[in-house]
Every structure is written in C-alpha cells, then in structure tokens.
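Here is a friendly tour for someone meeting this structure for the very first time. Have a look at the sequence and the fold, then read on.

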Amino acid sequence: MKFSMTVGALVAATSTAFAPSSTLRGSSALNMALKDGQTPIVIGLAADSGCGKSTFMRRVTSTFGGENCGPLGGGFGTEGGWETNTLVSDMATVICLDDYHLNDREGRKVSGLTALNTAEQKFDLMFEHVQALKNGETIMKPIYNHVNGTLDTPEKIEPTPVIIIEGLHPFVDERVRDLIDFSLYLDISSDVKLNWKIQRDMEERGHSLESIMASIEARKPDFDAYIEPQKEFADYVIEVLPTDLDEEDKQTLKVRAIQKKGVADFNPTYLFDEGSEVTWTPSADKLSSPAPGMKLSYTQEQYFGNDVAVLTMDGTFDNIQELVYVESNLGNANSKFYGEVTQAMLSLADSPGSNNGTGLMQTLAAFAIRELFNKKSAAAKLAANKEVAAAA
C-alpha cells in the first residue's frame with residue numbers, strides 16, 4: 001500500500017446533529033487542502049453503538065493536538081451551518097458511516113431491517129468515496145440525520161491528510177478494508193453492555209428492566225451476524241470484560257489490548273519484557289486500588305489465527321498520577337517523554353474509563369497510531385527525496 005503524507009492533528013469523533021438544508025453543503029474553512037503528492041491515511045474504527053467511539057477519539061485528539069476542530073460547516077446554530085456527523089480539523093476528517101445507510105428511519109420500518117444489517121448499507125458508495133478521498137478527490141457525501149431519522153442533502157468533503165471512518169461497518173467490505181492503513185475494534189462484552197445499559201436506562205431514564213432486556217435481545221442477532229465478525233480484521237482490539245477478581249463485582253472492569261503482531265510500522269506495547277508471559281500485582285503503596293484490587297498481565301496468544309500480544313489491566317486505580325508507576329514498566333508505549341501516558345490520562349480525567357484499563361488502553365492505542373503516522377511520514381519523505389535526487 002503506497003503512502004505519502006504529513007502528520008498533524010487528529011480530531012475527536014463525536015456525532016453532532018444539525019438542521020437539514022435544501023442546497024448542497026460546501027466544505028468547512030477548517031479543512032486544509034492536500035499538498036501535491038500527498039495521499040491521505042485512512043484509519044478505521046469499528047464498534048457497536050454506545051461502546052465508546054467518541055471517548056476514544058477524544059484521546060486520539062489530545063495525543064495529536066491540533067486546533068480548529070469542529071463540525072463541518074460550523075454546525076447547527078452557526079450561520080450557514082447544517083446537520084452533520086462529519087468533524088474536521090486542520091489535518092483530519094472524521095466520517096460517520098451511518099451516513100451510508102440505504103434507507104431512512106421510515107424506510108427501515110418498511111424493510112423490516114435494522115441499521116446493523118449490511119443490507120441497509122451503501123457499501124459501493126462507501127468504497128467509492130473512501131477511494132476518492134485517498135486519491136485526493138472531493139466527494140459529495142450523504143448525511144443521515146440522527147435527530148429525525150431522515151437522509152439529508154449531501155455535503156462536500158475535501159480530502160485531508162488523515163481520514164477516519166468510524167461506525168458499525170468499516171471492515172465489512174473487502175475493498176474498503178484494503179484502503180485502511182490501521183484498524184481498531186472496540187469490543188465490549190455482553191455482560192458489560194448490559195450493566196452499562198441498565199445504569200443508563202434504568203437509573204437515568206427510568207426504563208424498566210424488562211424493556212431493557214427486550215431491546216438488547218432484539219438487537220443481538222444482528223450484532224452477532226454483522227458487527228462482531230469484523231474484529232477478525234482489526235489490528236488493535238480493546239476488549240472490555242467484567243473483572244476476574246470478584247464474581248459479585250458488576251462495576252470493575254478487566255480490559256485487554258489485543259495487539260496484532262507483524263503490522264507494518266506498529267510495535268505492540270509490552271509489560272517488563274517483550275515476548276514474555278507476565279502476571280503482576282502492583283504494590284499497593286505505589287498504585288492504590290479499591291477492592292477487589294489490581295492485576296496486570298502480558299501474554300502471547302492467538303487471535304483469529306494471528307499472533308497477538310495481549311496487555312491486560314484488571315481493576316481500578318484511585319489516583320491517576322500514580323499510573324506513572326505502571327507506565328514506567330511498559331515498553332513500546334510510544335511516548336515522547338517519561339510520564340506522557342499518565343499526563344494524557346490526566347488531561348481527560350473526567351472522561352469515562354480514566355480510572356481503569358479502558359482509558360489506559362485507549363491512550364496506548366492513540367500513541368501507537370501517532371507513532372505509526374510518524375514512521376510512515378518519515379518513509380514517505382525519504383522516498384520523495386530519493387525520487388528528486390534520481391531525477392536530478
């Protein structure tokens with residue numbers, strides 16, 4: 001896969017909702033045009049709804065920095081703004097793949113299919129658009145309005161050095177997979193999903209347990225059939241499970257970073273000794289953890305027939321600043337300086353997962369992406385210099 005780019009800021013991937021318009025939407029002033037010879041990098045992020053894609057992208061944003069990040073066109077409520085799920089920054093564009101739904105909400109009632117069903121997605125158009133952006137071409141992308149469930153007037157998307165596609169189906173189509181430079185999957189176990197949904201829908205929205213269970217059961221067949229199989233194609237899987245430290249504990253999480261070996265320009269993070277098998281209980285004097293405590297491990301495993309390195313954190317920590325104790329024992333963390341991982345966690349201390357392995361693994365994944373970009377950028381620059389020298 002050829003590559004040529006300049007790496008800058010990535011942006012947070014959160015969906016925003018704005019009002020429809022009757023005219024074609026133009027690109028935002030936030031977008032920066034590609035320089036001659038640049039080929040955008042494409043990052044794919046797959047996950048079910050409500051699995052933390054937005055939080056993860058916030059961590060990516062804080063890792064790469066950057067200014068002028070916001071909804072394409074400025075967003076609803078601004079002069080000339082419209083409803084959009086697209087986010088742009090100086091160097092990046094985040095595209096929500098819900099925009100490639102075949103039918104609007106009323107149309108799906110007629111078809112009887114959910115949005116998770118691949119028959120409800122425009123994969124040909126998705127491929128054409130990702131390919132066009134990677135070729136440095138402008139596209140007119142559809143918009144799915146999450147507020148009223150309609151398909152709105154298309155919007156103009158200009159290519160930027162970094163293109164992030166996120167949603168339910170980024171890895172379903174082999175043609176799209178071939179265009180992706182690095183792929184991630186957020187894998188939230190059914191038990192954790194249930195606990196999260198009960199907390200949100202019962203405690204915050206007043207739903208009954210019966211209605212929650214019915215909603216989950218109705219969605220599960222399509223999730224199992226169309227969403228979950230995509231994790232086979234991911235280079236980096238963040239798996240969130242109930243803790244193994246206490247069977248009765250429904251709040252504490254065990255989080256595994258499943259890192260595929262042999263991916264170009266990517267070296268998995270390890271604990272203590274690369275390639276080894278490690279189980280570690282940190283000193284309570286250096287990393288305070290509430291019951292049921294804290295345990296980390298580093299193992300070598302097989303995942304869908306691929307060799308993977310798995311870094312695991314089971315438990316919760318009380319003080320993010322003490323995470324530097326764990327960080328000091330990590331290798332290939334891709335930090336620029338000692339304590340940068342902990343600093344990044346502190347900068348988003350109020351975000352979900354900032355006191356457990358969810359935030360840690362997301363931060364390590366963001367750092368890995370940054371390092372991958374830097375390596376590919378350096379390689380592209382070297383190749384361009386050689387071409388200039390050969391032509392002289």
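## A walk through the model

K231 is buried, with a relative accessible area of 11%. Its salt-bridge partner is E228, and the closest N and O atoms of the two sit 3.2 Å apart. E228 itself is partly exposed, at 26% relative accessible area. Elsewhere, D48, K193 and R219 are linked into one network by salt bridges that share partners. Keep in mind as you look around that this is a predicted model.

**Salt bridges**

How many salt bridges does the structure hold? The count is 18. Here are a few of them, with the N to O distance for each.

| Residues in the salt bridge | Distance, N to O |
|---|---|
| D99 and K141 | 2.6 Å |
| E228 and K231 | 3.2 Å |
| K156 and E158 | 3.9 Å |

Take the pair D99 and K141, whose side chains meet at 2.6 Å. D99 is in the loop between strand 4 (92-96) and helix 2 (105-111), while K141 belongs to strand 5 (residues 139-144), so this pair ties together parts that are 42 residues apart in sequence. Are these two buried or exposed? D99 has 0% relative accessibility, so it counts as buried. K141 also has a relative accessible area of 0%, which means it is buried. Over at the pair of K156 and E158, K156 is partly exposed, with a relative accessible area of 30%.

**The cores**

Now for the inside. The largest nonpolar core is made of 57 residues, and the ones with the most contacts inside it are F56, F182, L184, Y236, M361 and L364. Which helix gives this core its largest share? That would be helix 9 (residues 357-391), with ten residues. A second core, separate from that one, has 34 residues, including V88, L97, M126 and V176.

Y236 is a good place to zoom in. Once its neighbours within four places in sequence are set aside, Y236 touches a long list of residues, among them F182, L184, M361 and L364. Its contacts also include S183, Y185, A257, I258, Q259, F266 and A365.

**The sheet**

Next, follow the strands. Eleven of them make an open sheet with mixed pairing, in the order 2-3-4-7-1-8-9-10-14-13-12. Strand 2 (70-71) and strand 12 are the edge strands, each pairing on one side only. In general, strands of a sheet pair through backbone hydrogen bonds, either parallel or antiparallel. Here, strand 10 (residues 253-260) and strand 14 (residues 306-315) run antiparallel and are joined by seven bridges. If you want a spot to check by eye, find K260, which stands opposite V308 in strand 14.

**A loop residue and a surface patch**

S276 is in the loop between strand 11 (270-271) and strand 12 (278-280). Is S276 buried or exposed? With 14% relative accessibility, S276 counts as buried. Apart from neighbours within four places in sequence, S276 is in contact with L271, Y298, T299 and Q300.

Last stop, the outside. M202, L209 and M213 make a nonpolar surface patch of about 220 Å². Of these, L209 is found in helix 6 (residues 209-227), and at 37% relative accessibility L209 counts as partly exposed.

Methods:
Residues numbered from 1 in each chain as written. Predicted model: local features only at pLDDT ≥ 70, side-chain atom pairs only at ≥ 80, totals over all residues. Heavy atoms only, no water. Helix = DSSP H or I, 4+ residues; strand = E, 2+ residues; numbered from the N terminus. Buried < 20%, exposed > 50% of the residue type's maximum accessible area, 1.4 Å probe, protein only. Contact = heavy atoms within 4.5 Å. Core = buried A, V, L, I, M, F, W, Y, C linked by side-chain atoms within 4.5 Å. Salt bridge = Lys/Arg side-chain N within 4 Å of Asp/Glu carboxyl O. Patch = residues over 30% accessible without salt bridge, like charges linked within 9 Å, V, L, I, M, F, W, Y side chains within 5 Å. Areas by Shrake-Rupley, 256 points an atom, 1.4 Å probe, with all protein chains shown as cover. Pairing = 2+ DSSP bridges.
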